[in-house]
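Me: I am new to this one and would like a friendly tour. Could we look at it together, one question at a time?

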Amino acid sequence: MRAALDEARSAAASGDVPVGAIVVQGEVILSRAANRTVRDQDPTAHAELLAIRAASAALGSWRLEGCTLYVTLEPCAMCAGALVLARVDRLVFGTADPKAGFAGSVGDVVRHPSLNHRVDVTSGVREAACAELLRAFFRERRTTDPDQE
């Protein structure tokens with residue numbers, strides 16, 4: 001999670017919501033990514049999707065069996081769906097997202113019984129650090145631009 005937090009800090013420094021993700025197979029980090037939605041002007045440039053794409057390229061396969069994705073914030077519906085489609089074995093996230101999280105908060109795409117793959121989930125890893133990074137980012141945005149959400 002330490003590497004994912006580093007990526008999240010990188011996203012914040014570039015003006016993106018501070019979310020970072022890494023994909024690991026065994027002890028090897030296959031990929032790392034930070035949110036790039038603002039930088040790339042791409043609504044799909046979430047850290048999880050970027051990390052999944054890079055890990056797939058590194059392995060030469062769209063199937064990420066045997067891999068774990070670490071991310072600082074609970075994945076949204078889009079990212080949770082990508083985890084299932086990529087056959088990621090395990091998801092480890094830092095802090096829950098009660099407004100948009102789909103690994104247990106708003107919904108649970110990653111463990112939905114109707115889908116052909118279910119992801120093992122561990123939550124709350126370095127939760128305080130992950131949550132504080134997000135709080136600080138949005139606190140700063142409200143201070144510098146009160147119209148920002």
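**A first tour in questions**

Reply: Happy to help! Please keep in mind that this is a predicted model, where local features need pLDDT of at least 70, side-chain atom pairs count only at pLDDT 80 or more, and totals for chains, interfaces and linings use all residues. Residues are numbered from 1 along each chain as its sequence is written, and side-chain values use heavy atoms, with hydrogens and water left out.

Me: Is R87 buried or exposed?
Reply: R87 sits in the loop between α4 (77-85) and β4 (90-95); helices (H or I, at least four residues) and strands (E, at least two) are DSSP runs, numbered from the N terminus. Its phi is positive, about 60 degrees, although R87 is not a glycine. Buried means under 20% relative accessible area, exposed over 50%, and partly exposed in between, using a 1.4 Å probe and protein chains only. R87 has a relative accessibility of 14%, so it counts as buried.

Me: What is the relative accessibility of R126?
Reply: R126 belongs to the loop between β5 (120-123) and α5 (127-144). R126 also has a positive phi, about 55 degrees, without being a glycine. R126 counts as partly exposed because its relative accessibility is 40%.

Me: How far apart in space are G26 and T68, C-alpha to C-alpha?
Reply: G26 lies in the loop that links β1 (20-25) and β2 (28-34), and it counts as exposed because its relative accessibility is 57%. In sequence, G26 and T68 are 42 residues apart. In space, their C-alpha to C-alpha distance is 8.4 Å.

Me: Which element supplies the largest share of the largest nonpolar core?
Reply: A nonpolar core is a set of buried Ala, Val, Leu, Ile, Met, Phe, Trp, Tyr and Cys residues joined through side-chain atoms within 4.5 Å. The largest one has 32 residues, of which L69, L83, L91 and V110 touch the most other members. At least two residues each come from β1, β2, α3 (47-59), β3 (67-73), α4 and β4. The largest share, 6 residues, is supplied by α3.

Me: How many residues are in the second, separate core?
Reply: Among its members are M1, L5, A8 and L133. The size of this second, separate core is 7 residues.

Me: Which residues does S56 touch, leaving out those up to four places away in sequence?
Reply: S56 is part of helix α3. With a relative accessible area of 16%, S56 is therefore buried. Counting contact as heavy atoms within 4.5 Å, and leaving out residues up to four places away in sequence, S56 touches S61, W62 and L64.
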